[in-house]
Amino acid sequence: MRDGVIFVGTGAGYVALAVQAAHSLRAHNPGLAVDLFTDLPAAPGLEVFDRVHRTPSAHPRVKLECFAQARFERVLFLDCDVLVLAPLGDLFDLADRFPLSLAHDVRRRSDLIREGAGAQTPYAFPQLNSGVMLYRNDAAMAAFFAEWKRRYDLMGVARDQVVLKDLLWDSDLRFYVLPPEFNLRRVTMLDAWEPLDAVPTILHSHRLLQHLRGQGARVTTLEQVRALERVALKEEWAALDGARPWPE
């Protein structure tokens, strides 16, 4: 099959999030195939997926093993903590020109997002977020994913994006950086957008899984995420007590 979306969800909490995300995807893209890789193939609600595949191992980043096993030629991988807010349009056409497309991560001034696995990269080359990735499912990308996993296992780090940053820097892979509306990490950005700027398409927020981390009630809508982010933004700026993290 030419185009499709895959989720990788392990554990009941993440599977439930994947089900929620898949319903949001289908609401705006009803003809698009959607598959799930999971360790709980009999979990409730999985009828929303076209096919359910068992994850090949219990690896902490088993998604690295699942990417190349997708049955589609052009694949959109989505983390479970997403909501699809609009039609994807011709997004998949990028895969004909670029083997991989993904967006910059946020909080790029933080040590967390600056971290690499050894390569010295310029400030303007931060981590890229692996929670929304469009890729061409061919032998070259299968080799890329295998090398990503090999380096991840070798480094022993927790976050796969640390390794991905260096791998992209070292690689000759031709990749595209998606605009933020396809991996919207800061909903408060919408407050500054003008009507012709962009259409928010894929919301990707850890607020959607805060209940799994004991950080509050379950969040299921864009407006709930926006309200929480506005509070957090106000608190973060207030903590600086009028100071600015950059020159005036």
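These are my notebook entries on a predicted model, taken one topic at a time.

**Cores**

I began with the nonpolar packing. The largest nonpolar core has 32 residues, and the ones with the most contacts inside it are Val5, Phe7, Phe49, Leu76, Leu78 and Leu88. I then checked where the members sit: strand 1 (3-9), helix 1 (12-28), strand 2 (33-38), strand 4 (74-78), strand 5 and strand 7 (128-136) each give at least two residues to this core. Helix 1 supplies the largest share, seven residues. There is also a second, separate core of 30 residues, and I noted Ala70, Tyr135, Phe144 and Leu168 among them.

I picked Leu76 for a contact list, leaving aside neighbours within four places in sequence. Leu76 is in contact with Gly4, Val5 and Ile6, then with Leu88, Leu91 and Phe92, and further with Val132, Met133, Leu134 and Ile202.

**Helix 6**

Next I asked myself how many of the 11 residues of helix 6 are buried. Nine are, so helix 6 (residues 160-170) is largely enclosed by the rest of the structure. The buried set runs Asp160, Gln161, Val162, Val163, Leu164, Lys165, Asp166, Leu167 and Leu168. I wrote down charged names in there too: Asp160, Lys165 and Asp166 are among the buried residues. As for the cover, it includes helix 2 (63-66), strand 6 (100-104), helix 4 (111-114), strand 7, helix 5 (139-155) and strand 8.

Glu115 came up while I was there. Glu115 sits in the loop between helix 4 and strand 7, and at 33% relative accessibility it counts as partly exposed. Neighbours within four places aside, Glu115 is in contact with Gln127 and with two helix 6 residues, Val162 and Lys165. I also took one long-range distance: Glu115 and Ala18 are 97 residues apart in sequence and 28 Å apart in space, C-alpha to C-alpha.

**Helix 7**

I checked the length of helix 7 (residues 222-238) first. At 1.5 Å a residue, its 17 residues should span 24 Å, and the end C-alpha atoms are 24 Å apart, which agrees. Which residues of helix 7 are buried? I got Leu222, Val225, Arg226 and Glu229. Seen down the helix axis, these buried residues fall within an arc of 95 degrees, so they line one face of helix 7. They pack against strand 5 (82-84) and strand 9 (202-204). Lys234, Glu235 and Ala238 are exposed on the other side of helix 7.

**The loop between strand 8 and strand 9**

I looked up two residues here. Asn183 lies in the loop between strand 8 (175-177) and strand 9. Is Asn183 buried or exposed? Asn183 is buried, with a relative accessible area of 3%. I found two side-chain polar contacts for it: Asn183 to the side chain of Asn129 at 3.1 Å, and Asn183 to the side chain of His204 at 3.0 Å. The contact list for Asn183, again without neighbours within four places, adds Ala103, Val132 and Ile202 to Asn129 and His204.

Thr201 is in the loop between strand 8 and strand 9 as well, and is buried at 4% relative accessible area. Not counting residues up to four places away in sequence, Thr201 touches Leu83, Val84, Leu85, Ala86, Pro87 and Leu88, plus Glu181 and Phe182.

**Cysteines**

How many disulfides are there? The count comes to zero. A pair of cysteine sulfurs would have to be within 2.5 Å. The closest cysteine sulfur to that of Cys66 is in Cys80, 11 Å away, too far for a bond. I noted the burial of both: Cys66 is buried at 0% relative accessible area, and Cys80 is buried at 5%.

**Backbone oddities**

Last, I went through phi. Most residues other than glycine have a negative phi. Arg107 has a positive phi of about 55 degrees although it is not a glycine. Arg107 is found in the loop between strand 6 and helix 4 and counts as partly exposed at 48% relative accessibility. Asp241, not a glycine either, also has a positive phi of about 55 degrees. Asp241 lies in the segment after helix 7 and counts as exposed, at 71% relative accessibility.

How values were computed: Residues are numbered from 1 along each chain as its sequence is written. This is a predicted model: local features need pLDDT of at least 70, side-chain atom pairs count only at pLDDT 80 or more; totals for chains, interfaces and linings use all residues. Side-chain values use heavy atoms; hydrogens and water are left out. The expected span of a helix is 1.5 Å times one less than its number of residues. Buried means under 20% relative accessible area, exposed over 50%, partly exposed in between (1.4 Å probe, protein chains only). The arc is that of the directions from the helix axis to the C-beta atoms. Contact means heavy atoms within 4.5 Å. A nonpolar core is a set of buried Ala, Val, Leu, Ile, Met, Phe, Trp, Tyr and Cys residues joined through side-chain atoms within 4.5 Å. A polar contact is a pair of N or O atoms within 3.5 Å; within protein, one must be able to donate a hydrogen and the other to accept it, and residues adjacent in sequence count only if both atoms are side-chain atoms.
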